[in-house]
Amino acid sequence: MSIVAYVLAAAFFGSFAGAFHPLGDSLAVFRLPIAVAVALWVIWSPWPAWLRWSIAVLCLAAMTQIVAQKYVSHPEGPVTIYQKNLLFQNDQVEALAADIRASRPDIVTLQELTSRNAPLVRDLRAEYPHQASCALVDWARVAILSRWPVEGEICLEGQGIVGIQVASPQGTFWVFSLHGAWPWPHEQASQMARILPVFEDLEEPVVIAGDFNMVPWSFALRSIQRSTDTTRAGPLFSTFTKMGAPLPIDHVYAPQGGQASPRPLLGSDHSGVLAKVFVFEP
């Protein structure tokens with residue numbers, strides 16, 4: 001029992017170590033079940049009572065911090081973003097286009113745009129005439145569709161990010177669509193190192209939406225939040241299931257936060273996110 005407890009405790013504390021090694025963010029994805037397991041193991045372990053209950057309290061605090069995000073009320077902002085990982089082989093683009101139209105977003109952010117699902121953006125061109133995309137790989141792109149005119153564009157080829165500078169009725173701001181790599185042992189950490197400097201010289205507010213392939217309490221997403229000076233639109237909900245585990249990995253971040261709700265799969269393996277956010281101070 002003690003060996004198992006040591007391993008679980010190492011995994012739990014390692015989930016906070018993403019700043020030191022990207023393995024920490026991989027563990028952070030599963031922090032909640034790890035914390036539950038650690039608490040149950042250490043309570044019944046032969047360790048001294050003060051150590052057992054100290055670790056159990058830390059686990060409880062970590063669990064509470066995550067679970068509470070599901071129930072915190074968030075205000076509804078005036079700018080509407082529809083975020084969607086399309087899935088490269090999506091064959092329900094007509095239904096998805098109908099859902100986007102019914103939701104009436106101001107901006108649509110897309111990932112895994114391919115030749116197979118490209119009719120979606122062509123179908124929406126009348127409502128969203130201002131469009132930009134950027135290659136992640138040869139066969140897939142990230143994209144943004146906007147009702148509002150575009151004054152500038154940023155594309156990082158191969159890094160899964162595209163941005164547009166939109167002239168909204170409220171003012172000018174930047175919107176980015178991001179497709180994050182999977183965490184360690186994949187390339188998420190190196191991708192973040194290339195992406196974060198993009199935000200340093202931007203003078204206008206930033207909204208960033210996408211399939212981050214990462215949970216909001218990770219070091220990677222906290223780094224994006226700091227670099228863009230944004231807050232995640234909430235509450236927290238799962239957008240993707242991996243090996244039976246519900247994962248909140250699709251998000252919308254805006255300067256003043258906002259309200260988010262899930263949209264149906266509609267041919268994808270990711271739920272959409274409809275966020276109503278505050279870009280400028282109310």
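## A walk through the sheet and a few unusual spots

Let's start with one residue: Glu-112 is part of strand β2. Keep in mind that you are looking at a predicted model. Glu-112 has something odd about its backbone, as its phi is positive, about 60 degrees, even though it isn't a glycine. Most residues other than glycine have a negative phi. Is Glu-112 buried or exposed? Buried is the word used for anything under 20% relative accessible area, so Glu-112, with 16% relative accessibility, counts as buried.

Now zoom out to the sheet. β2 is one of six strands that make up an open sheet, and if you walk across it you meet them in the order β3-β4-β2-β1-β14-β13. The pairing in this sheet is mixed. What happens at the edges? There you find β3 (130–137) and β13 (258–263), and each has just a single partner strand, so one side of each is left without a neighbour in the sheet. On average, neighbouring strands here are turned by 15 degrees against each other, if you ignore direction.

Pick out one pair to look at: β1, residues 79–85, and β14, residues 272–277. These two run in the antiparallel sense and are paired over five bridges. If you'd like to find one of the bridge partners yourself, go to Thr-80 and look across to Lys-276 in β14. Packed on the sheet is helix α5, made of residues 93–103, which touches β1, β2 (107–113), β13 and β14. The direction of α5 makes about 165 degrees with that of β1.

Follow the chain on from α5 and you come to the loop between this helix and β2, where Arg-104 lies. Arg-104 also has a positive phi without being a glycine, with a value near 55 degrees. Is Arg-104 buried or exposed? The cut-off for exposed is over 50%, so Arg-104, at 59% relative accessibility, counts as exposed.

Last stop: the peptide bonds. Most peptide bonds are trans, but here are two spots to check out. Trp-184 and Pro-185 are joined by a cis bond, with omega at about 15 degrees. You'll find Pro-185 in the loop between β7 (171–179) and α7 (188–195). Then there's the step from Gly-234 to Pro-235, which is cis as well, with omega near 10 degrees. Pro-235 sits in the loop that runs between β9 (231–232) and β10 (240–242).

How values were computed:
Residues are numbered from 1 along each chain as its sequence is written. This is a predicted model: local features need pLDDT of at least 70, side-chain atom pairs count only at pLDDT 80 or more; totals for chains, interfaces and linings use all residues. Side-chain values use heavy atoms; hydrogens and water are left out. Two strands pair if DSSP finds at least two bridges between them. Helices (H or I, at least four residues) and strands (E, at least two) are DSSP runs, numbered from the N terminus. Axes are lines fitted to C-alpha atoms, for helices over the stretch in contact, and angles run from 0 to 180 degrees between N-to-C directions. Contact means heavy atoms within 4.5 Å. Buried means under 20% relative accessible area, exposed over 50%, partly exposed in between (1.4 Å probe, protein chains only).
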